Amino acid sequence: MPKSSNIDSLVTVYRPGEHDSRCRRASSFRFLSGGQYPRVPPPELLLLLRRTSLLRRLPRCCRSTFCCMAHDDGGHVTRVLFCGPHFPASHNYTIDYLKGYPYVQVDVVPLDKVADVIENYHLCIVKNKRLDSGLIAHAKQMKLIMQYGVGLEGVDVEAATRHGIKVARIPGNVTGKSVSCAEHAIYLMLGLLRRQKEMESAVQQMLLGLPVGETLFGKTVLILGYGNIGVDLASRLRAFGVKILATKRDWSCNSLSSTSSYVDKKGVLENLYQFAGDADIVAVCMALNDKTVGIVDKEFHSSMKKGAILVNVARGGLLDYEGVKSSLESGHLGGLGIDVAWTEPFDPDDPILKHLMC
């Protein structure tokens, strides 16, 4: 049987004490069969479906029994739980892909009903609901938990480990996620610099020559968090003729040698406020954890140049809400571009979203 090295390159399992970085990658996921494709592929393969066409990689003898757990033991059904209706492409794609596999059942459960039914499922895909230790304790049949998208802040990994449940994610750098976020960050930068909201108003008022926008060329961009998204963003920004500053917890990793050349000035968290004062644009790309929650606070805003713009394509909780609101209202912050929020789904009545420069 062929080895599972292709799958190992896509899936990573996390254990307590391990963190997601290029310097220290967690142990690669391996099947219970000892690293080989078993005759009946286990349901853990399902987690790859969102971004890959894995069935085409499997040995032909395995394709007809994909995800059929113990087809020979009475037709056991593998039950997959998607938490909540948001990001519908995730479950719609999976359901459509598995139409031909009757021994896999995919359910989309409202967030407020997850606790009532989680004990009936073998795989769980977390979206907008955090799986804490209380929920995990009820997941008596669970074999695998993964979070939709990058990061694992939606899962209590230690609790899952205590209950013998694997936790996995698909790295952004091999699925196109980091590229997508990097491109979106640039789109937000350009929209703010060209004053897109004002432009729409000018069209409605039949005004010419307004608003007066700015170029990205010649600007200094600070990237907070030089992980997969930060690297992809920096590599694409070089073509715009910008100066790039970046902060990272640890720059000593050998695997960064080929990508650190994109950065003109490197720093760590201790350089945060100094770098903020040098930047025309700040792009937040870091992971959300206990140390980074609310890291872009009022002190950070006061350190920024007056008129600088802020873009967040990571997690809403990285920005202190009151700090952002105050900075926008005072005019110190020149613009805010976000594709994440403090509460999701977005609150359409949030005063920040109604601001002209957001």
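**Exercise 1. Find which residues touch the most other members of the largest nonpolar core, and which elements build this core.**

Start with the term: a nonpolar core is a set of buried Ala, Val, Leu, Ile, Met, Phe, Trp, Tyr and Cys residues joined through side-chain atoms within 4.5 Å. Buried means under 20% relative accessible area, with a 1.4 Å probe and protein chains only.

Step 1. The largest nonpolar core has 28 residues, and Met-189, Ile-223, Leu-233 and Leu-237 touch the most other members.

Step 2. Two or more residues come from each of helix H7 (177-193), strand E7 (220-224), helix H9 (228-237), strand E8 (243-247), strand E10 (281-284) and strand E11 (309-312). Helices (H or I, at least four residues) and strands (E, at least two) are DSSP runs, numbered from the N terminus.

Step 3. H7 gives the most, 8 residues.

Step 4. Apart from this core lies another, of 27 residues, including Leu-222 and Ala-308.

The model is predicted: local features need pLDDT of at least 70, side-chain atom pairs count only at pLDDT 80 or more, and totals for chains, interfaces and linings use all residues. Residues are numbered from 1 along each chain as its sequence is written, and side-chain values use heavy atoms, leaving out hydrogens and water.

**Exercise 2. Describe H7 and its packing.**

Step 1. H7 has 17 residues and reaches 24 Å from its first C-alpha to its last, close to the expected 24 Å at 1.5 Å a residue (1.5 Å times one less than its number of residues).

Step 2. Among the buried residues of H7 are Ala-182, Ala-185, Ile-186 and Met-189.

Step 3. Leu-233 is in contact with these four, among others (heavy atoms within 4.5 Å).

Technical notes
Buried < 20%, exposed > 50% of the residue type's maximum accessible area, 1.4 Å probe, protein only. Lists of a residue's contacts leave out its neighbours within four places in sequence.
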